[in-house]
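Me: I am new to reading protein structures, and I would like a close look at a single part rather than a tour of everything. Could you take one sheet, go along its strands with care, and explain each term when it comes up?

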Amino acid sequence: MKTLTILAGLILVFLFVWERVDIVRLGYQIERSKAEKLLLERERDQLQVRFSSLTAPERIAKVATERLGMVQPQQGQVITVHVRLEGVPTAPASPNEVRVARNESPRRLSE
Amino acid sequence: MLILLLCGFGLILFRLVTLQVLQAAELTAKADRQHQKSVTFEGARGTITDRHGKVLAMNMEVPSVFGVPTALENPLRIARHLAPVLHIRSDEIEKKLRQDRSFVWVARKVLPEQGRQLEHMSLEGIGVVMEGRRFYPKGPLLSHVLGFAGIDGEGLEGLERHYDTYLHGEKRVTILQRDALGRTVFPKGLAEQTPAPGHALTLTIDEVVQYIAEKELEEAVNRAHAKAGTIIVLDPQSGAILAMAVSPRFDQNAMAALTPDRWRNRALTDTYEPGSTMKVVVAAAALEERLMTPGTMVFGENGRMLVANTTIHDHEKHGWMTFAQMIQKSSNIGAAKTGMILGEQRLYRYLQAFGFGLRTEIDLPGEVGGLLKPPKEWGRRSLASISMGQEIGVTPMQMVIAAATLANGGVMMKPYLVSEIRDQKGHLLKELLPQVKRRVVSAATARTMTTILEGVVTNGTGTKAAIPGYRVAGKTGTAQKIDPRTGTYSATLFVGSFVGYVPADAPRLAMIIVIDEPQGEAWGGTVAAPVFRRVGEQVLNYLGVSPNDQVKIAMAPQGQ
């Protein structure tokens, strides 16, 4: 009986100590995770800024015209086609639009 | 033996009492200083995006370099090591490090790569901390509207300033505990949250429209060797600004070398004498008051008319013409006569109704109300002068809103730039909806005026604004500037402008282009009208607005 009480007491003491130690250990772990989160967030922000600057219309226009040799479509080369889907009861406020760019001169249409 | 033992215990007890009770406060403070540190955290400044969520301004954590001069033995050597990495002259760094202080900034908000290099070098007495820096990833795009934020993250100009209360992050002081190695032990109270970042703004601006507007404006300003230029594109039905630009632009990422003159948003802060574009307002007033109809005959006095001992000229000699032709040919004499028929009080009332002399209340700082004197301060020539757009100072914003009012069937909308404010989790905090200011003229007057203004573009002074396939309504303006040296109208300094909207029957865009001091041919129809065509053409295409003479294509139902 006596040994049991002492054993129980000891277990309680160990439990208490283990709990304390574990709190500290978890504390460090939380801090590490936080630091990792911060680094990841930082990286995400950097990538977002980079994405944003790479998709700037000024840059895209420059790459398109200077490196890829593209030109602005001329008058009549872009036809806007409004597609109204049947069976869909006026779902979107603006009708679905498909834009067709033609490379040939507008004459092609009448042929 | 016992006494010795008691003495020993007594000594220990005494020491314990002195340490734990008498010096307790002082020692705790001392210990806290060693293993606690208080740090001010500031939440990141909110992001600004365009109407489609494209990022226009956002914060990013970047390294700042500091020095501890008191811990340095050889500032010269450290400075020589730092100089090539930071691209600062070594004697400048040395001067900073020689100060008798325990903390100095060596360089703030440098590039992430530079911070990494310094961490590798691990110089003694030099440290790196992360700070939020404002980035404008699109470079100079929209610079005059966005404005900029200072080094400590406070909004100084433009939207950054107007919406600073929403954009800036929360500031919070936190106490951290450090262990023997200087690592952070969890803060007192685990519930401690990082400070909340600022709110995000969604603008009405469309990045692509803005780009087109800036590109074409810059080209026009360069071609005319002009001093400056302004363009505003908006949706007349809502008052939402799609694009607003001032040329020359500036780069907010490299502000140091610029003077305030360069970042002033001239679209709101500078007034100009509008010249002939003012005739739109005078004509609308005369139509609304039923004093004129498009067919009313007006005599052009063969190009010369005496008013208050001064002569008013037309640049072409006109005889009898209809009221509509008078606007299309931009006759000064016709406009002066229309103003006289209206009378001082009525003209003044309409000018105010169209928003002149008052701020448009757009959500940007620094807007001025322009210059419109009340009739009792008018001179004998004023009525005629104001009718042709002289003796009145307007901002480009006021003028485009006046035109947009006609485009919107006579109802004036309040111009606005921010449509949504969201918190960092994306919850909507505030939605800003289009606001009607007032009805200025009847829908019938607006329609009649639109027909007359279409004539300006089809066979008047504004033919260069015509966009093939679309009906354009607009008015040119060419005004002489007042020469600051003589105080009279200059013969060489002009302001050329064009204001209009398209498509005329169901306007999607209202636009103003103002070119300040073009060299050579300075007519609004020559320097500004082509910008309207080029921007209008591309933007209508981008927005998917079909031309009026569109080819109808029959689509076969799917699956057949």
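Reply: What follows is a walk through one sheet of chain B, then the helix that lies across it and the loops at its strands.

Before we begin, please keep in mind that this is a predicted model, in which local features need pLDDT of at least 70 and side-chain atom pairs count only at pLDDT 80 or more, while totals for chains, interfaces and linings use all residues. Residues are numbered from 1 along each chain as its sequence is written, chains are lettered from A and ligands numbered from 1 in the order in which they are written, and side-chain values use heavy atoms, with hydrogens and water left out.

The part to look at is an open sheet of five strands in chain B, whose order is β10-β9-β21-β20-β19, with antiparallel pairing. The edge strands are β10 (240-247) and β19 (473-482) of chain B, each of which pairs on one side only. On average, and with direction ignored, neighbouring strands of this sheet are turned by 10° against each other. The names come from DSSP runs numbered from the N terminus, where a helix (H or I) has at least four residues and a strand (E) at least two, and two strands are said to pair if DSSP finds at least two bridges between them. Strands of a sheet pair through backbone hydrogen bonds, either parallel or antiparallel.

Let us start at one edge, where β9 (residues 228-235) and β10 of chain B run antiparallel and are joined by seven bridges. One pair to find on your screen is B:D235 and its bridge partner in β10(B), B:A240.

At the other edge, β19(B) and β20(B) pair in the antiparallel sense over nine bridges, and here B:K475 stands opposite B:V499 in β20(B). These two strands form a hairpin with six residues between them, and B:G487 in the turn has a positive phi of about 80°. Although β19(B) is an edge strand, β19(B) is mostly covered, with seven of its 10 residues buried; buried means under 20% relative accessible area, exposed means over 50%, and partly exposed is in between, with a 1.4 Å probe and protein chains only.

A helix belongs to this picture as well: α20 (residues 529-543) of chain B lies across β9, β20 (489-502) and β21 (509-516), running at about 145° to β21(B). Contact here means heavy atoms within 4.5 Å, and the angle, on a scale from 0 to 180 degrees, is taken between the N-to-C directions of axes, which are lines fitted to C-alpha atoms, for helices over the stretch in contact.

Finally, consider the loops at these strands, since each holds a backbone feature that is easy to overlook. Between α9 (207-223) and β9 of chain B lies B:H225, which has a positive phi of about 50° although it is not a glycine; B:H225 is exposed, with a relative accessible area of 59%. In the loop between β10 and α10 (260-263) of chain B you will find B:P248, which is joined to B:S247 by a cis peptide bond with omega of about 0°. A cis peptide bond also joins B:V502 and B:P503, with omega of about -15°, and B:P503 has its place in the loop between β20 and β21 of chain B.
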